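Let's take a walk through a protein chain together. Have a look at the picture first, and then we'll go through it piece by piece.

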Amino acid sequence: MAVQLITRSRQQYPDVEAVYILVPSEDSVSRVIEDFQPILEQSGAGRTRYARAHLFFTGALSDSLLSSLRQSPAGPYIKRVEELYIEYNPIESRVFLTIPSEHPFYALYSPHSSDMFYRDLNATADRVLSVIACLGIEPYIRYYCPAQSLAAGNVEYPKIAKEMAEKLQQKLNCYYAHNLNRSTNPHETPTHSPPSTVIILDRSVDMYAPLLHEFTYQAVVHDLIDLEDGNKYAYEISTLAGETRQASATLSEQTDMLWRQHRHKHLGRVAEELATQFGSMVSKNTGVKAAHTQ
């Protein structure tokens, strides 16, 4: 098996079926179509880069791009098209990121970034749709909109949450129509999922949080330790033979019980609880107790 980037020049495997994992963009679709343009060989016969294609898109593929695939020379070679809805970054079990660009705050709040505003708003709605699709819910959409922002021509109060909610609802309606065989009526009551609500807020609802510093265990770890990929800590340990070797630890809620238990607590409370837990472990373990007293 060979894993290759679609943006690079790749070797031809005309007898092998290919699995593509792609973002649902015009560029991705055009590259797939290009892969199935016949390549002339020395015999004069034309063969495609791969025998067949299985396409997996990270998010929703638009009808226009799907139509382009069907009507292209690649159409007869495509065996499967599936939307995975994985366009978000889960950093914790209840926290995920939907960062749409390098400078989202400027794009959403600057009066000079109208083009970037709608680009980032659309990208963020796609990513939130991915989260909803993965959770298998059909939520009601609610958003923050202060009364002052409804005044005509009022530019002091941002309408980001309102426009985000409307864009997300449009995408949800299309998702329901294509995947759940439902009508696109936004007021139709969900019939087969638990009650749920998505609440959309913008930063104007709390202007002070970005200026404050957390004193949780997690915040202090990120302040004081250089973590690789945000969760991996490399360090040196000494062996019984007097040698030094490299070791690493991954701060993960799946594998590190202490990290999962203490990461969101105040550092002072964590110090007290860890001291208590260590004392309990020493008192219950004869070997540790002996080593600790030496």
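Which residues in α4 are buried? The list is F117, D120, L121, A123, T124, A125, V128, L129, S130, V131, I132 and A133. Keep in mind as you read that this is a predicted model.

## The overall picture

Let's zoom out for a moment. The chain has nine helices and eleven strands. It runs to 294 residues, and 31% of them count as buried.

How do parts of the chain that lie apart in sequence meet up? Take the contacts between residues at least 6 apart in sequence: 63% of those join residues at least 24 apart.

## Helix α4 and its surroundings

Back to α4, which covers residues 114-135. You can check its length with a bit of arithmetic: at 1.5 Å a residue, its 22 residues should span 32 Å, and the C-alpha atoms at its ends are indeed 32 Å apart, so the two values agree.

What do the buried residues of α4 pack against? Their partners are β7 (95-97), α3 (104-109), α5 (160-179) and β9 (197-200). When you read the list of buried positions, here's a handy rule: an α-helix has 3.6 residues a turn, so residues three or four places apart point the same way.

Close to the end of the helix sits C134, which counts as partly exposed because its relative accessibility is 39%. After α4 comes G136, and its phi is positive, near 70°.

## V198, a meeting point

One of the strands that α4 packs against is β9, and V198 is found in that strand. V198 counts as buried because its relative accessibility is 16%, and the cut-off for buried is under 20%.

What does V198 touch, leaving aside its neighbours within four places in sequence? Its contacts are I132, P139, Y140, I141, R142 and L168. I132 is also one of the buried residues of α4. As for P139, it is 59 residues away from V198 along the chain, yet the C-alpha atoms of the two are separated by 6.2 Å.

## A three-stranded sheet

Now for a sheet. Strands of a sheet pair through backbone hydrogen bonds, either parallel or antiparallel. Here we have an open sheet of three strands in the order β1-β4-β5, with parallel pairing. Its edge strands are β1 (13-22) and β5 (78-83), each of which pairs on one side only. On average, neighbouring strands in this sheet are turned by 10° against each other, direction ignored.

Let's look at β4, residues 50-57, which is joined to β5 by five bridges. With β1, the parallel pairing goes over seven bridges. Follow L55 in β4 and you can trace a line across the sheet: Y20 stands opposite L55, and L55 in turn stands opposite V81 in β5. Another pair to look for is A53 with its bridge partner I78 in β5. Seven of the eight residues of β4 are buried, so this strand is largely enclosed by the rest of the structure.

## Two helices beside each other

Helix α1 (residues 26-35) lies across β1 and β4, and runs at about 175° to β1. Which way does α1 run compared with helix α2, parallel or antiparallel? The axes of α1 and α2 (residues 63-71) come within 10 Å and cross at roughly 5°. That makes the two helices roughly parallel, because angles under 35 degrees count that way.

Where do these helices touch? E26, V29, V32 and I33 in α1 meet L65, S68 and L69 in α2.

## Some unusual angles, and the cysteines

Most residues other than glycine have a negative phi, and most peptide bonds are trans. Y85 has a positive phi, near 55°, and D229 has one near 60°. Both sit in loops: Y85 is between β5 and β6 (89-92), while D229 is between α6 (217-224) and β10 (232-238).

Are these two buried or exposed? Y85 is buried, with a relative accessible area of 7%, whereas D229 is exposed at 68%.

Finally, how many disulfides are there? A search of the whole structure finds zero. Besides C134, you can look up C174, which is partly exposed with a relative accessible area of 44%.

Methods
Residues numbered from 1 in each chain as written. Predicted model: local features only at pLDDT ≥ 70, side-chain atom pairs only at ≥ 80, totals over all residues. Heavy atoms only, no water. Helix = DSSP H or I, 4+ residues; strand = E, 2+ residues; numbered from the N terminus. Expected span 1.5 Å × (residues − 1). Buried < 20%, exposed > 50% of the residue type's maximum accessible area, 1.4 Å probe, protein only. Contact = heavy atoms within 4.5 Å. Pairing = 2+ DSSP bridges. Axes fitted to C-alpha atoms, helices over the stretch in contact; angles between N-to-C directions. Disulfide = S-S within 2.5 Å. Parallel < 35°, antiparallel > 145°, perpendicular 65-115°, else oblique.
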